[in-house]
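Biologist: I am new to this structure, and I would like to learn how its features are read one at a time. Could we have it in view before we begin?

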Amino acid sequence: MFLFRKPKQREVEPEVEETWEWPLGEPTVEPAAEASAVERAAVEPTAEPSAVEPSAQPVAPAVPEPDETPGDLSEGLQKSRGGFMSRLRGLLKSGPAAADWDSVEEMLIAGDVGGALAGEVVERARARKDAPSAEAAVREELAALLIPSDPRWRPVPAAPDQPAVLLMVGVNGTGKTTTIGKLAHRYRAEGSTVLLAAADTFRAAAIDQLRIWSDRSGCQFVSHVPGADPAAVVYDAIDAAVARHVDIVIADTAGRLHTKSNLMDELAKMRRVIDRRLPGAAPEVLFVLDATTGQNGLAQARVFHETVGLTGIVLTKLDSTAKGGIVFAIEDALHVPVRFVGVGEKLGDLLPFDPAAFVSALFA
Amino acid sequence: MFDALSERLRKTLGALTGRGRVSEADVDAAMREVRLALLEADVNFKVVKDFVARVRQRSTGAEILESLTAGQQVVKIVNEELVALLSAGDRTFHMTGNPSVVVLVGLQGSGKTTSAAKLARLMVKQGRRPIMVAADPYRPAAADQLQTLGKSLDVPVFRAATGTTVLAIAQGGLEAARKQVRDTVIIDTAGRLTVDEPLMKEIADLTAAIKPAETLLVVDAMTGQEAVHVAEAFAAAVPVTGLVLTKIDGDARGGAALSISAVTGLPVKFLGTGEKTDALEPFHPDRLAGRILGMGDVLTLIERAQETYDEKQTARMTEKLRKNSFTLEDMLEQMEQVQKMGPMGQLMEMIPGMGGMAKQAQAAVDRGDLKRVQAIIRSMTPQERRDPNVLNGSRRRRIAQGSGTRLQDVNQVVKQFTELQKMMKQMSGGRFPRRIPGMFGQG
């Protein structure tokens with residue numbers, strides 16, 4: 001296997017032109033390394049490790065052994081070839097030690113990236129020969145998973161005489177209503193007229209809560225009685241917005257667990273009502289996700305995406321100690337960008353998503 | 001989706017049973033599966049590390065390695081260790097003092113207000129006279145929410161004018177309880193982040209002043225790795241006596257509860273199992289362990305069945321099955337019984353290996369499939385119900401019209417019933433059917 005590996009090791013670093021567009025801005029990152037991160041984002045994630053180790057066993061473990069010790073060759077030989085090669089590479093090139101990789105992997109898991117994805121990311125970073133340090137390599141791999149979002153992003157109407165529509169969805173207690181309050185404030189401050197639709201007709205006092213936010217930022221407000229059909233509220237809200245030439249309609253919806261199919265059907269109906277009332281409007285559907293959510297976040301996002309077609313994510317409660325690492329798995333699987341992060345309870349505490357800062361926070 | 005751990009272990013270790021012996025490397029592979037499964041269930045990674053080490057130690061024992069069913073043995077050890085961790089602390093709900101005071105604390109959106117209402121309902125059911133106190137002056141309309149819930153339960157809610165301090169609200173609540181002769185005070189506090197020092201001090205002062213019998217930390221079952229830090233921070237600020245694990249009716253595995261119990265020793269006292277105010281259940285460690293492992297929750301199912309079925313009915317049904325005289329009428333009765341037991345999806349989830357069918361079953365209920373089947377049977381004459389063979393075209397058309405369904409729906413019900421009958425014949429003959437006919441197929 002040495003004969004087979006030798007040419008690979010001497011192989012020249014592929015030089016790819018710098019095509020990175022959104023700020024990655026990590027000072028420790030070399031340009032060549034950035035380029036390969038772009039490359040990596042373009043190919044199948046699983047294709048990468050096997051390209052480096054062509055004869056890797058098909059059942060090579062995705063997760064490195066936690067009790068590996070660097071440099072113990074005789075023991076290493078008995079273990080999987082991948083582990084052996086990277087340890088050897090560590091010896092030859094004095095790259096990051098196995099303990100470094102393990103601690104980086106633990107940081108990812110502690111940040112809710114997930115055991116499987118953390119293992120994959122570290123494995124991928126490990127396969128790189130140019131890693132200046134374990135953390136830097138992993139940072140790049142993580143950044144490559146995120147989908148860029150323009151910080152100036154805002155919802156746009158399909159036609160000049162139509163309102164732009166934002167539908168806010170998510171499970172219970174993620175902060176949908178509060179996020180709407182903040183979004184309304186933001187768009188009002190930018191000079192837009194905003195109408196809030198109280199389509200959470202289920203939770204006790206949800207309508208009152210939204211009305212208070214509406215008053216605070218000077219929005220128009222459409223509501224029905226508690227228990228009314230939420231789709232009817234959305235329909236009326238769009239009607240009112242068209243008649244009054246409002247710029248943006250933001251619809252609040254009741255929190256619902258993704259496992260309750262009748263409630264998911266109700267949500268699908270709201271989406272259909274928007275499409276029927278404003279054909280071709282392509283509403284923005286923002287999935288509100290609590291940063292403290294663990295691995296279940298992916299299952300949630302998947303079902304909501306299947307039901308109403310998510311166009312963006314708002315990651316709330318990022319001012320807590322939670323890191324929101326489940327976002328990596330969601331973006332990797334669904335290719336829906338994070339638009340905003342919620343960082344507090346005040347009206348101004350909603351910021352455009354900054355991928356570099358987000359990745360850095362995992363290692364803080 | 002997440003494969004049940006037992007399934008994954010069977011794959012890892014099961015193939016080796018022929019050799020009759022499991023090597024060290026096989027145990028390593030199995031432990032990797034255990035580790036990934038626990039991480040997937042949001043168990044804290046440090047807890048996972050200790051846990052896996054302990055399971056490995058027990059699994060490498062000689063009798064395990066030479067066992068023919070090593071996979072099952074490892075699952076058993078994992079299960080035992082999970083139950084041991086989840087059994088931490090005293091799970092009794094203490095109602096001492098007059099009035100007896102319960103304070104609910106937690107992060108924003110964990111479900112404190114809903115849990116307060118559920119607890120109030122439970123207290124009423126136990127013959128107590130609760131009052132709820134809205135001590136959340138921050139979230140807009142939080143007090144309104146509690147008041148609406150209180151109204152629906154016929155439980156009074158104490159609230160104060162805006163600007164009142166939280167401590168003053170709580171004391172006002174205690175005062176109101178004495179005046180209205182209420183023996184239980186449930187205080188709903190605002191959601192707060194553990195890093196918010198002024199707010200953490202606020203509840204610390206609150207509990208120090210009113211000395212509640214129970215201070216429950218409300219934790220969302222979907223919480224990730226942070227659960228441990230959150231619990232530690234709250235336990236450091238206030239004398240937390242236990243947890244309420246909410247939103248367990250989703251498909252989150254609830255590993256957060258395991259992490260918290262393992263690290264802080266706090267017991268889970270209640271589970272929130274739905275949006276309605278009656279959806280609060282006592283906690284059973286073995287059942288959550290089964291859920292984390294993806295092994296189903298047969299015990300809860302049996303318990304619910306016992307609550308719903310009486311012995312006579314069961315005996316009568318067994319007799320019918322034995323004599324193979326199961327009719328459409330019996331099927332209707334069975335469906336009504338099962339529906340009394342609770343949401344179909346939840347029921348299915350409790351049966352090992354049926355987790356996948358749970359969604360299908362719930363979808364069938366949500367679509368109204370069961371209702372439709374019931375309507376069809378109810379539109380039949382007693383003779384038709386006893387003997388579906390008399391159902392000719394004209395009768396079927398009449399039934400379709402009577403039940404507001406289509407002819408093909410009626411045909412399908414009849415077909416499903418005949419298949420079910422066949423299956424039961426096989427079962428009573430001692431043979432087990434290859435497959436269960438598509439009871440939840442799209443109608």
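Modeller: Let us start with burial in chain A: of its 364 residues, 49% count as buried. Please keep in mind throughout that this is a predicted model.

Biologist: How many helices and strands does chain A have?

Modeller: Chain A has 15 helices and eight strands. As for how its contacts are spread along the sequence, 73% of those between residues at least 6 apart join residues that are at least 24 apart.

Biologist: How should I read a sheet, and in which order do the strands lie in this one?

Modeller: In general, the strands of a sheet pair through backbone hydrogen bonds, and they do so either parallel or antiparallel. In chain A, eight strands make an open sheet with mixed pairing, and their order is E3-E2-E4-E1-E5-E6-E7-E8. Its edges are strand E3 (220–222) and strand E8 (350–352) of chain A, each of which pairs on one side only. On average, and with direction ignored, neighbouring strands of this sheet are turned by 25° against each other.

Biologist: Which way do E7(A) and E8(A) run, parallel or antiparallel?

Modeller: They run antiparallel, with three bridges joining strand E7, residues 338–342 of chain A, to E8(A). Within this pairing, A:Val341 stands opposite A:Leu351 of E8(A).

Biologist: Which helix packs on the sheet, and which strands does it touch?

Modeller: That is helix H10 of chain A, residues 206–217, which touches strand E2 (194–199), E3 and strand E4 (248–253) of chain A, and whose direction makes about 170° with that of E2(A).

Biologist: How is a pair of packed helices described?

Modeller: Two packed helices are described by the angle between their axes and by the distance between those axes. Take helix H6 (residues 98–110) and helix H8 (residues 134–145) of chain A, whose axes come within 9 Å and cross at roughly 40°; H6(A) and H8(A) are therefore oblique to each other. The crossing in which H6(A) passes H8(A) is right-handed. From H6(A), the contact is made by A:Asp100, A:Trp101 and A:Val104, and from H8(A) by A:Ala134, A:Glu135 and A:Val138. By kind, the residues of this contact are four nonpolar, no polar and two charged.

Biologist: How many residues of chain B are in contact with chain A?

Modeller: There are 37 residues of chain B in contact with 37 residues of chain A. On the side of chain B that touches chain A, helix H2 (24–40), helix H7 (142–153) and helix H17 (355–367) of chain B each supply at least two residues, and the largest share, five residues, comes from H2(B). That side of chain B divides into 13 nonpolar, 13 polar and eleven charged residues.

How values were computed: Residues are numbered from 1 along each chain as its sequence is written. Chains are lettered from A and ligands numbered from 1 in the order in which they are written. This is a predicted model: local features need pLDDT of at least 70, side-chain atom pairs count only at pLDDT 80 or more; totals for chains, interfaces and linings use all residues. Two strands pair if DSSP finds at least two bridges between them. Helices (H or I, at least four residues) and strands (E, at least two) are DSSP runs, numbered from the N terminus. Axes are lines fitted to C-alpha atoms, for helices over the stretch in contact, and angles run from 0 to 180 degrees between N-to-C directions. Two residues are in contact if their C-beta atoms, placed from the backbone, lie within 7 Å. Angles under 35 degrees count as roughly parallel, over 145 as roughly antiparallel, 65 to 115 as roughly perpendicular and the rest as oblique. A crossing is left-handed if the near helix is turned anticlockwise from the far one by less than a right angle, and right-handed if clockwise. Ala, Val, Leu, Ile, Met, Phe, Trp, Tyr, Cys and Pro count as nonpolar, Asp, Glu, Lys and Arg as charged, and the others, Gly among them, as polar. A residue is buried if 20 or more other C-beta atoms lie within 10 Å of its own, exposed if 12 or fewer, and partly exposed in between; C-beta atoms are placed from the backbone.
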